[in-house]
Structure formats: C-alpha cells, structure tokens
4 protein chains.
Amino acid sequence: MSTNQSAAPDVTRRSERSRRAIYEAALALVVEVGYPRTTIEGIASRAGVGKQTIYRWWPSKADVLLEAFLDMGEQAAQAAGQVPYTIPDTGDLAADLRLVLRATVDELRDPAFEAPSRALAAEGVVNEELGRRFVARLLEPQLQLYVDRLRAAQDTGDVRPEVDPRIALELFVSPLAQRWLQYTGPITYDYTDTLVDYALNGLAPR
Amino acid sequence: MSTNQSAAPDVTRRSERSRRAIYEAALALVVEVGYPRTTIEGIASRAGVGKQTIYRWWPSKADVLLEAFLDMGEQAAQAAGQVPYTIPDTGDLAADLRLVLRATVDELRDPAFEAPSRALAAEGVVNEELGRRFVARLLEPQLQLYVDRLRAAQDTGDVRPEVDPRIALELFVSPLAQRWLQYTGPITYDYTDTLVDYALNGLAPR
Amino acid sequence: MSTNQSAAPDVTRRSERSRRAIYEAALALVVEVGYPRTTIEGIASRAGVGKQTIYRWWPSKADVLLEAFLDMGEQAAQAAGQVPYTIPDTGDLAADLRLVLRATVDELRDPAFEAPSRALAAEGVVNEELGRRFVARLLEPQLQLYVDRLRAAQDTGDVRPEVDPRIALELFVSPLAQRWLQYTGPITYDYTDTLVDYALNGLAPR
Amino acid sequence: MSTNQSAAPDVTRRSERSRRAIYEAALALVVEVGYPRTTIEGIASRAGVGKQTIYRWWPSKADVLLEAFLDMGEQAAQAAGQVPYTIPDTGDLAADLRLVLRATVDELRDPAFEAPSRALAAEGVVNEELGRRFVARLLEPQLQLYVDRLRAAQDTGDVRPEVDPRIALELFVSPLAQRWLQYTGPITYDYTDTLVDYALNGLAPR
DNA sequence: TAATAATCGAGACGGTACGTCCGGTCTTTTC
DNA sequence: GAAAAGACCGGACGTACCGTCTCGATTATTA
C-alpha cells in the first residue's frame, strides 16, 4: 500500500538536472549566507526541487555539501585539462614544497573554496563519521602526494631514509592547516617558506 | 543572531547560583548528548533556570560553552594547587617537550575535556569571531609556554638563534592538533615523540 | 498579531482529521480551564497537532474558537434532524415569544455552550473586527428569525405596522443578553415572560 | 528573614503620587495600545513605578483599570461642579428619558471613556467576579437613577403601578448597551428616541 | 502504444527549538 | 517599611526548519 521509504531508490532513474541544481544551490548558499543558515529547505527552494528529492539521496545537509564540494573539485579539474595531479619534482625538494604550499595558500583564500571547506571541516570536527569521510575523500589524496614526493626525496638522499613520510608531511601541512582552521596566525608565502625551511632541516641527513 | 541587549543588565545583581548551574548543565549536556543536540532550552531546564537568564548574559550557545569551559579550567587549576603553569626546563629540551606533548595527548582523550573543546573548535572554524576568542582565551596562553621554553633553549644554544619560536612551536603542536581535530591519524605517545624528534632536528644548530 | 500568510496554503490538501481535532480541543479547553488559560500550544498539544498547523489556518486563538463554535452548532443542527430553524407561529405572538426566550434561557445555562460563547463575546467587545464577525455569523441569523415573526404579526395586526421589527426585537432580546453578558440580574422564565409582557404592550396597536 | 508577601500592606504609608501615576498610565495605555497590549510592566514603566508597587495594591490588571476608571469618573464629576447626579424630572417622562439616553450616546463615543469601559466590560464577561464588581460600582448606580425616575412616573400615573421599574428600565437601556457592546447596530439619537417611543407604550396605562 | 512504476515538485503535517515577552516573585538599595 | 529597580523562574508567543508523508504530474521503462 505505502511506498517503502527505507528501500534504496532506483539510481538509474535519478534526475541529473536536480542533482546539479542541488549542488549549485548548496554551494551558493554556503557562500552567501554561511553554513549554519544554509538549510535543506533553502537548498530545495533555491534548486527548484522538492525537499524529498534531497532526503531521498542524501542523509544530511553535510553530506549534500560534501558531494557538492567534491563535484566542484572534479568539475574544476576537468576544466583545467587535468594533468594527473602531483607535486612537481625538479630535484630541488625545498623549492618544490614551497611551490605547492604557496598554491595551497592561494586556494585557502578563495571564498568559493573557503566557505564550503570550512563548513565541512567544522562539521567533521564534531561528527567523527563525517570527519573521517571528509579526510578520506578530500584530504588524504592530497597528503598522499606529499608522501610520494618525500619518498622520492629519500631515494635521492635528500631525506633520511628512516623518516616516516606520512608523519614528516605534517611538519609542512599541519601548521598551515591549523592557522587556517583556527585563526592562530596569518597565512602568507613567507610563513609557508619558513615552515619548509625549519622542517626540512629536521628531515635532512645530519 | 544576538539578543537585543537593550540596556545592559546590572552585573552586580547577577545570580552566582544560576551562573554556576548554567555552566554545569552546559558542560554535562555537551558530554552526554553532543553539541548539536545541546540546546539553550535544554541547558535552562537542566540548570533550573529561565531561558531569559541565559539570553540576558550570553549572546549564543557557543558563548555559554566557552565561558563554562574556561571556568572549568580555572576550577581545575585552583583544585590542583595551581603551580603557575609552565613547561619544565630540565635542560633537556627534547625530553621536556616529549613530556608536555604526552600530557596533551592524555588531555585530548579525557571526554570531559574533549567534548566541549571539540564543540568550541568546530564552532570557531565556521565563526571567525568566536574562533579568535577561543584562540585568545584558550590556545594562545598554552602556545606562549612553548615560546618561553624555546627562547630559553635559544639562550642555551639548543635552538638556532634566528628561529622564530612562535612558528617553531607549530612543528610540534599543529600536527597533533590536526590529527585530533580532523581524525587524520592516531594519537599516541610514539607519535608525539616522533614529532619532537623530527622537528627538533630542524631547529637545532647545524 | 496575525501570522505571515505568505502564499496562502493549499486548502485542498488540508487535513480534515486535524481540523476536527483542533475544534474539539479548543472547545474542551475553554470549558475546562477557561478562555484566558486556553493557549494555542495547549490546543495543539491536546489535538495532537503541530502549532504551525493552527497558525497556518487561523490567525488567532479567537478565530479558532469562533470556527469551532460554529462547527459545533452545525453538528448539533445536523444531529437534531435540522428542521429549518424558525420561531413558531401559533397565532399567539406572546406565547410564541415566551417559548423562544425560554429556550434561549436554557441554552445560556448549558456550560458547553456558555463557555465558548462567553469567550467569543468578550473577545468581540474589545476586538471590533472579530465582534462584527461574531455577530454576522452567530447573532444576526438568530435575530432575523424575530424579524420574520414580528413581520408576520404586523400582517395579522398584532403589531403596529409602522414599528421597525429590527429595533422592536431588541426590547425582548437585549435585556436578556445584557443580564447574561454582564450579570446585571437573574435569568429566569419569569423574567423573560415579563419582558414579553412589557414590551408587547408597546408594540401593540393602541 | 523574608518579607511576608501575604500580609496586608500598610495603607497609611501608601504613596499617593504612585497611585495617581498608575491610574494615568493605565488609562493612557488602554486608549493608546488597547487593553490586551496593556501590560503591568508597561503601566509600571510608564508610571515610573516598580512592578511590585502595582502587585502590592492590586491583584490584577483589570482591577487597576477598574479603580483607575472609577477615579476618572470621580475626578470628572468634581471638575463638573457635580450636582448629585439624577435624571431630570420635567414632568414629561418621554422627553426626560430621551435626554438621558442621548447623553449616554455621547459618552459611549468618547474614546477616553470607551476604551477603558469596553476593556472592563470584556473582562467582566469572562470573569464573573470582576463582572459583578464592574456592575455594582459602575452600572448599578446609573440604573438606580432610572428606577427613581420611573417610580416618580408611577406616582404621577405615567407608568402602570404594577410595573417593576428595575425590569422596565432595561427596555431602554439594554438595547443600547447591546448595540454598543456587540456592534449589532448603529448608535444614534434617532435610535434611542425610537426605543423610548416603543418601550414607553408598553409601560403606559392602557 | 498503452500500462506501469518510480522520481519529481510541492507543500501539509507532527515536532522541536528558537529568541522574545510578560506574569508574578524575590532581592537589593534608597528614601 | 514602602518604593524604584530589576533579576529571576516559568511559560506562551509566533517563526523557522526538521524529517516524514501524501498528492498529482512527469518520465521512463516494460507489456
């Protein structure tokens, strides 16, 4: 008699038009009014979509935003011609790291990026399950690039072989992350250059 | 967002009993049901207090919690006899840092501490004003202790004199912070010991 | 005072079940705890209904009660087989009027009728808009019956032809109304019989 | 230790200044914002008086207004030189009644009189205790004047001796009262003149 | 090509919490 | 000891969203 709400919906019939509209509405609202004032009803109304269409496909506001944000990244990547993303290896480790970190600094200042990623990070701090998903889908792939570059540096002898690259990368990345997340200090090229300087010394052979 | 503070209330007439009850209720609820399900109404009801008594003195749930958390810290400090808090200086910088970071690891695992500070951190990520207040009142005083200890280390020649201690401390502290905030990795004594090892190498004279 | 009626709700989708439950709850509460202590929240809770469902369809507590009361009248009328309501015409005007007024006396003493109609009358005294609606929907139809009967009496020569029946009826009805509304005197069959006696003399041909 | 709130306050120490200010504030507010939006806090604030000063001397908003209204009447009476109030007796009963009723029509239209007396009447409809007090203090004295005049008319043979004046007066007064209270019809000199005409016929000897 | 079935836009529904207002009590200080 | 001031607990106000639930109207297979 009644529709079984718990039965998984039929993905093949899903409206692509609605999905895109929801992504756009979610991202736009987070930028415009902030995450806490972004509501499911607001997203639905702005996307010209029924509320149920959101609840059918996502369990929460945060999940909508996470997918919207990932999609935005993929769109941007495709638009950019999308060389398989890596940290350059010019042979000069310090220079390579400085470059990547400077690029990250730029990204952290782009409002279209900042608003949703801050929202997701905040949600993740208090919601472990989502936090882990956020890390796995967004952060970890980025960090893996550092692991790769540092391993290459170990091969060339620029970094001590017994160093764990997964921990070592945090010396560069985490300070920047904390400054950004918690407003513990200004975020500048100078700052990230200094981080590379200090940290690399600790990793280099003695 | 904030209550109409028409004609600021008379602080001298404030009920100390209510203030304490509100702090306790807020902290208990955050631990028991989590921050998002902690409501002003819930705090008021648990504290046996009218809602207006909360709105009279605090502009938001986050502000209540911030003060409650600060108060908890002060209470704990007083109870502990309250040595003026510093990082020990045994002459062995690495050992001293390892000790403090291990203590921080312990603290991060105490639920009575973890729940409210996570909640405040999360709120701060998305609410810059509160974030800065959180840092100024809670984080920065802690970080200053590292600055002091590192400066002492510069005096004894254990750290290069041109190093900026405010940045250097982030090599130890931020990786731990990020792992905690974002679940990017396990938090253990081994891990913090390793951080001290890697980072100190970068700061030591060559 | 009234809810933001932005985009009037869709009447075809209205829940009949909720509407009935709200009527019953409103009437019951007015009888049980009195009008001033009858609250929208109380009605909603007793009816097992969200507050918004009340605010969506009625602008105020008084409007809920007015409709509930009208509905009660219609229900009662249907149950009673619903002879088209008129004042009897036995040829004896005095007897007919005495009968109707005695019936009104009975009605005014029925608590299920008294509580809500008193509440509505009181509200109407102080709120002209509602007062006029109360009169138009409830009182005026009753008064019209008197007009009809008095006109018939004019045809048979029992009442002077130049008398305005709309005013004449007030000689019978208003004294009773005022005694009821303002507790200015006891309400008995004797009293209404006396009214008919005094007033009819004034209307009869000299 | 604590002040006994239930002990009757010492009337000799009562502040006349506050009493007057409360009367004026209550009447002004009822005229300006209406009875339902007139609050004890509003009266206190406007009168420059503490809330407790009101609660000490009056049990409710309606009681404040009742006394304020009675006081207003007394003030007006004193100002008007105030011969002991009666209905004139020129020998022409109909003329005398027309005159008084026309004066009442004027009074009912004066906003300074209408707002508070409507408020009190409304409250009295739903609150029997106050209603009876309202009648005893305000209405009944007025009605007694009609009783007196009608008795005089019985002495001169203008009214049948077996007529009960307390009921007879309602033929003139109640229709006007109901029109005013319930907006059941326009209130004009013509109307009251007609009432006198119709009703007097019923009371006159046959 | 028509029947069938699921998604869709829309929005009413039972709820919960919001932030405000006011009722009536209590406490402090002033007169 | 009354009065001005106003904090306090309580509770209702009217609003905003939550997540669920119908309701036609598409829309896309399946018969």
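**Exercise 1. Determine how chain A and chain B are related to each other in this predicted model.**

Solution. A rotation of 179°, with 0.0 Å of shift along its axis, lays chain A on chain B with an RMSD of 0.1 Å. The two copies are therefore related as by a two-fold rotation axis. The surface used by the two copies is the same, since 100% of the contact residues of chain A recur in chain B. To place the axis within chain A, take the C-alpha atoms: A:Gly202 comes closest of the residues of chain A, at 1.7 Å from the rotation axis.

**Exercise 2. Describe the extent of the interface between chain A and chain B, and name the residues of chain A that lose the most area there.**

Solution. Begin with the contacts, for which heavy atoms must lie within 4.5 Å: 44 residues of chain A are in contact with 45 residues of chain B. The area buried between these two chains is about 3800 Å², and carbon and sulfur atoms give 62% of it. On the side of chain A, the residues losing the most area to chain B are A:Val125, A:Tyr183 and A:Tyr198, which together account for 21% of what that side buries.

**Exercise 3. Find the polar and charged pairs across this interface, then work out which elements and residue classes make up the side of chain A.**

Solution. The salt-bridge rule asks for a side-chain nitrogen of Lys or Arg within 4 Å of a carboxyl oxygen of Asp or Glu, and across the interface of chain A and chain B it finds two such pairs. One of them joins B:Glu170 to A:Arg179, with the closest N and O atoms 2.9 Å apart. Polar contacts across the same interface come to 12 residue pairs, both partners having pLDDT 80 or more.

Turning to the elements, those that give two or more residues to the side of chain A touching chain B are helices H6 (111–126), H7 (128–155), H8 (165–182) and H9 (189–203) of chain A. The largest share, 13 residues, comes from H8(A). Sorted by class, this side of chain A has 24 nonpolar, nine polar and 11 charged residues.

**Exercise 4. Establish what is found for chain C and chain D, and which of the chain pairs examined here do not touch.**

Solution. A turn of 180° and a shift of 0.0 Å along the axis lay chain C on chain D with an RMSD of 0.1 Å. Because 100% of the interface residues of chain C are also interface residues in chain D, these copies meet through the same surface. Chain B and chain C, by contrast, do not touch, and their nearest C-alpha atoms are 17 Å apart. Nor does any contact join chain A and chain D, whose closest C-alpha atoms lie 33 Å apart.

**Exercise 5. Characterise the fold of chain A and the part of chain A that carries a UniProt domain annotation.**

Solution. Chain A has nine helices and zero strands, and its C-alpha atoms fill a box of roughly 75 × 35 × 35 Å along the principal axes. According to an unreviewed UniProt entry, the annotation "domain: HTH tetR-type" covers residues 16–76 of chain A. Over residues 16–76 the chain is 80% helix and 0% strand, with the end C-alpha atoms 18 Å apart.

**Exercise 6. Explain how B:Glu16 and B:Arg20, which form a salt bridge, are placed along their helix.**

Solution. The closest N and O atoms of B:Glu16 and B:Arg20 are 3.6 Å apart, which satisfies the cut-off of 4 Å. Both residues belong to helix H1 (residues 16–33) of chain B and, because they are four residues apart in this helix, about one helical turn separates them. Over all chains, the salt-bridge count by this rule comes to 64.

Definitions and conventions. Residues are numbered from 1 along each chain as its sequence is written. Chains are lettered from A and ligands numbered from 1 in the order in which they are written. This is a predicted model: local features need pLDDT of at least 70, side-chain atom pairs count only at pLDDT 80 or more; totals for chains, interfaces and linings use all residues. Side-chain values use heavy atoms; hydrogens and water are left out. Buried area is the accessible area (1.4 Å probe) that two parts lose on being put together, summed over both. A polar contact is a pair of N or O atoms within 3.5 Å; within protein, one must be able to donate a hydrogen and the other to accept it, and residues adjacent in sequence count only if both atoms are side-chain atoms. Ala, Val, Leu, Ile, Met, Phe, Trp, Tyr, Cys and Pro count as nonpolar, Asp, Glu, Lys and Arg as charged, and the others, Gly among them, as polar. Copies are superposed by least squares on the C-alpha atoms of residues with pLDDT of at least 70 in both. UniProt positions are given in the numbering used here, feature names are shortened, and annotations may be inferred rather than shown by experiment.
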